[in-house]
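Visitor: I'd like a close look at one helix, with enough of its surroundings to see where it sits. Could you walk me through it?

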Amino acid sequence: MSNEAAAHAGHDHHPTGWRRWLYSTNHKDIGTMYLVLSMVGALLGGLMSFLIRLELQEPGIQFISDFQFYNVLVTGHGFIMVFFVVMPAMIGGFGNWFVPLMIGAPDMAFPRMNNISFWLLAAALVLLLVAALTEGGPGTGWTVYPPLSNATYHPGAGVDFGILSLHLAGASSVLGAINLITTIFNMRAPGMTLHRMPLFVWSILVTAFLLLFAIPVLAGALTMLLTDRNFGTAFFETAGGGDPILWQHLFWFFGHPEVYIIIIPAFGMISQIVSTFSKKPVFGYLGMVYAMVSIGFVGFIVWAHHMYMVGLDVDTRAYFVTATMVIAVPTGIKIFSWLATMWGGSIDFRAPMLFAFGFIWLFVVGGVTGVVLANAGADIAFHDTYFVVAHFHYVMAIAAVFAMFAGFYYWIGKMSGRQYPRALARLHFWTFFIGVNVAFFPQHFSGMAGMPRRIPDYPDAFAGWNYVSSIGSYITFASTLLFFVVVWKTLKSGEKVAGNQWGEGATTLEWTVDSPAPFHTHEDLPDMNPQPAE
Amino acid sequence: MASETIKKHPYHMVNPSHWPAVGTLAALIMAFGGVWYMKEGPIYLFLAGVALLVYTSWGWWRDVVAESRNGVDHTNVVRKGLRMGMVFFIASEVMFFFAFFWAFFHSSMPMLSLVAQEVWPPKGIVPLHTWSLPFLNTLILLSSGVTVTYAHHKLLAGNHKATAKGLLATIILGLTFTGLQAYEYAEATFKFTDGIYSSTFYLATGFHGFHVIVGTCFLMVCWFRARAEHFTPEAHVGFEAAAWYWHFVDVVWLFLFTVVYWWGGSGYVAG
């Protein structure tokens with residue numbers, strides 16, 4: 001290498017102002033932008049659920065007389081929480097920030113592509129908001145089933161904008177997945193073998209593969225829906241020989257891996273946090289790794305358990321029941337390994353650990369109701385009731401949010417260089433934990449009694465538990481606002497923290513660099529080969 | 001500041017770039033223009049978005065080509081990463097076509113589809129004759145796989161001229177394929193809106209055709225680069241990516257030919 005070339009190699013533009021963000025090729029800046037987008041999404045999606053619970057607080061119509069608007073709220077809440085809150089926070093935000101830091105790489109494999117992944121997602125959010133405000137908006141639910149979503153029942157451009165929004169979000173996810181997989185396979189520090197990678201990195205690797213294989217199937221299905229709506233094809237039109245059930249197959253072949261895309265990064269974060277605050281290595285590391293891998297694989301072969309009511313052959317349903325129950329085995333491995341990690345550990349009840357406990361509780365409750373719903377017979381009673389709503393909010397949605405908060409409190413010192421206010425963080429945990437349980441636990445009861453989902457009105461018989469549920473929702477919303485106070489106080493006046501603020505329990509590479517992490521890290525690659533004992 | 005130091009790792013720290021932002025703008029324009037066009041508006045805004053996207057691709061990959069030639073950025077490790085990235089991208093493309101094959105099987109198999117329980121292709125559909133134009137197109141695409149492999153061998157031998165010739169032959173075969181597909185579409189008796197057979201046929205073969213066009217453009221870029229002697233026997237990631245992509249569209253076609261044209265067009269009546 002000539003001197004000139006060497007100088008070029010070290011040459012480093014570090015633009016300031018808006019260009020630093022818009023043109024960024026830095027994994028930390030891009031990760032930060034993802035986290036900000038996620039917070040904006042959380043406010044929008046949270047506000048929508050707040051409106052839904054206001055309407056459902058009492059029987060009869062409270063203030064949403066336009067039922068299409070109610071459906072748009074349900075749809076928007078689902079899309080935003082999945083695509084614009086949980087995914088950007090976990091994969092785009094924490095994944096971007098900490099995968100390179102944890103594997104000892106100076107940045108992502110494709111820094112420019114990393115940036116377009118973020119901006120395409122921002123554009124997708126714009127399109128989704130435009131969709132909601134266009135000609136009545138999409139009132140299809142996040143599942144977008146035809147015939148409700150076809151040109152007869154949703155003639156406006158709202159659904160078309162919604163489809164294109166998902167196309168952009170999907171492109172963003174696929175590019176992000178390619179980037180993460182290549183980074184993990186190609187940029188690990190010397191000695192960082194796959195079986196020595198931190199579990200968070202493993203979780204992101206599995207998630208990225210799920211994205212890579214699931215999202216394009218959604219893209220294909222959305223394209224068919226778009227041409228059905230606008231160009232006269234008949235994929236889902238019975239009049240032309242098509243079949244709406246085809247949409248359900250394609251959607252859930254994407255949709256089931258998608259819910260694992262949301263929860264698997266949470267597994268990774270919880271493993272890091274439980275280990276750090278128990279001051280013990282994770283129990284059964286390899287079992288944890290291959291539990292995630294097998295959950296990811298099985299996630300692709302259980303999709304029709306979302307379709308027990310459409311008239312599938314009984315043998316088909318028997319298969320999907322069995323395959324679905326199998327998921328309980330690797331998830332059980334994870335739960336018991338977390339408990340075994342804590343067993344005999346010196347547990348530190350800091351805010352990240354509190355949220356990790358919350359996660360385990362929520363995930364276990366949701367997992368138990370999941371085994372119930374896996375039965376095709378039981379699902380005949382529970383399908384499309386609030387029991388399902390309670391189930392997936394526990395196991396996937398709220399559990400994921402707890403993992404995000406756990407990750408935030410765990411890593412905010414590394415990202416900002418400042419510690420969160422501890423008392424407020426505890427208050428945030430307890431209000432949030434009580435809020436979500438008061439909101440969602442009663443939905444098991446109203447659901448078992450037959451309360452249908454996605455309907456703005458209900459018989460008086462369901463009044464009691466709905467009222468309780470709405471109160472829980474308001475507590476949760478207030479707690480979310482408290483979280484923003486915590487963020488503001490942390491960034492403004494949080495106490496400065498050292499490189500490793502958690503002490504001996506925190507053994508991964510991100511704790512070996514300064515806090516806040518400098519603009520570029522690991523420019524000297526760490527050597528992870530086992531060192532001979534002194 | 002890093003500009004004082006010599007890089008101590010084999011990775012490429014990419015400079016800030018405006019292309020991702022411009023590309024996102026293009027995507028937004030295409031989305032708004034696309035909805036406008038689909039709702040009976042003019043197509044100009046959509047085409048403007050496409051033009052900006054093409055411009056973005058041009059500028060972005062021009063930067064990548066320049067980086068590959070400065071002798072510093074594209075180390076062995078970086079090239080390995082680029083190849084991996086291409087493999088994973090192609091894997092995602094396979095899953096995109098997976099959806100259209102699923103739609104085809106769901107519609108054409110008697111145990112899954114109401115239409116196919118009686119007859120497939122559906123009544124009134126006269127499918128294309130498998131062993132005429134579709135088979136010729138199969139031969140053309142398979143031949144193009146041979147010519148691109150020839151180009152690869154010559155590249156490994158350091159023969160720039162023969163590499164360019166092999167690429168040119170591949171491009172001509174690709175363009176011929178696209179032309180014959182267009183002719184086939186014009187001659188087909190079933191039109192785009194003639195029900196489920198047309199829907200699966202035109203979207204599956206149409207997206208394949210679009211990928212052939214993209215692959216042909218990719219090969220054209222490689223042709224110019226081969227003539228400019230950009231590729232060395234050791235380092236030619238751009239060529240490899242184009243060749244892999246071309247093999248991918250080739251394999252998709254083989255599935256389309258056997259399943260959609262041959263099996264799906266051979267016709268049966270439920271007995």
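Guide: Let's start with the yardstick: the expected span of a helix is 1.5 Å times one less than its number of residues. Now take helix α4 of chain B, residues 133–156, in this predicted model. With 24 residues at 1.5 Å a residue, α4(B) should span 34 Å, and because its end C-alpha atoms are 35 Å apart, the two values agree.

Which residues of α4(B) are buried? Early in the helix you'll find B:Leu133, B:Pro134, B:Asn137, B:Thr138, B:Ile140 and B:Leu141 among them. The list goes on with B:Ser144, B:Gly145, B:Thr147, B:Val148, B:Ala151 and B:Leu155. As a rule of thumb, an α-helix has 3.6 residues a turn, so residues three or four places apart point the same way. As for partners, the buried residues of α4(B) pack against α5 (160–187), α6 and α7 (237–266), which belong to chain B. Just past the end of α4(B), B:Gly158 adopts a positive phi of about 80 degrees.

For a comparison case, try α2(B), which covers residues 44–69. That helix has 26 residues and reaches 37 Å from its first C-alpha to its last, close to the 38 Å expected. Its buried residues are B:Gly49, B:Thr56, B:Gly59, B:Trp60, B:Val65 and B:Glu67. They pack against α1 (19–38) and α6 (196–227) of chain B, along with α5 (111–132) of chain A. Right after α2(B) there's a glycine with a positive phi too: B:Gly71, at about 80 degrees.

Now zoom out to the chain. Chain B has 7 helices and 2 strands, running α-α-α-β-α-α-α-α-β along the sequence. Its domain assignment gives domain 1 as 15–73 and domain 2 as 89–265, and the centres of these two domains, taken over C-alpha atoms, are 24 Å apart. Along the principal axes, the C-alpha trace of chain B spans about 80 × 45 × 30 Å.

A few bulk numbers to finish. Of the 271 residues in chain B, 50% count as buried. If you look at contacts between residues at least 6 apart in sequence, 75% of them join residues at least 24 apart. The chain exposes about 12700 Å², with carbon and sulfur atoms supplying 70% of that. And on the electrostatics side, chain B carries 15 positive and 14 negative charges, whose mean positions lie 9 Å apart.

Notes: Residues are numbered from 1 along each chain as its sequence is written. Chains are lettered from A and ligands numbered from 1 in the order in which they are written. This is a predicted model: local features need pLDDT of at least 70, side-chain atom pairs count only at pLDDT 80 or more; totals for chains, interfaces and linings use all residues. Side-chain values use heavy atoms; hydrogens and water are left out. Helices (H or I, at least four residues) and strands (E, at least two) are DSSP runs, numbered from the N terminus. Buried means under 20% relative accessible area, exposed over 50%, partly exposed in between (1.4 Å probe, protein chains only). Contact means heavy atoms within 4.5 Å. Accessible areas come from the Shrake-Rupley method with a 1.4 Å probe; for residues, only the protein chains shown count as cover. Lys and Arg count as positive and Asp and Glu as negative; His and the chain ends are not counted. The place of a charge is taken as NZ of Lys, CZ of Arg, CG of Asp or CD of Glu. Domain bounds come from an automatic or database domain assignment.
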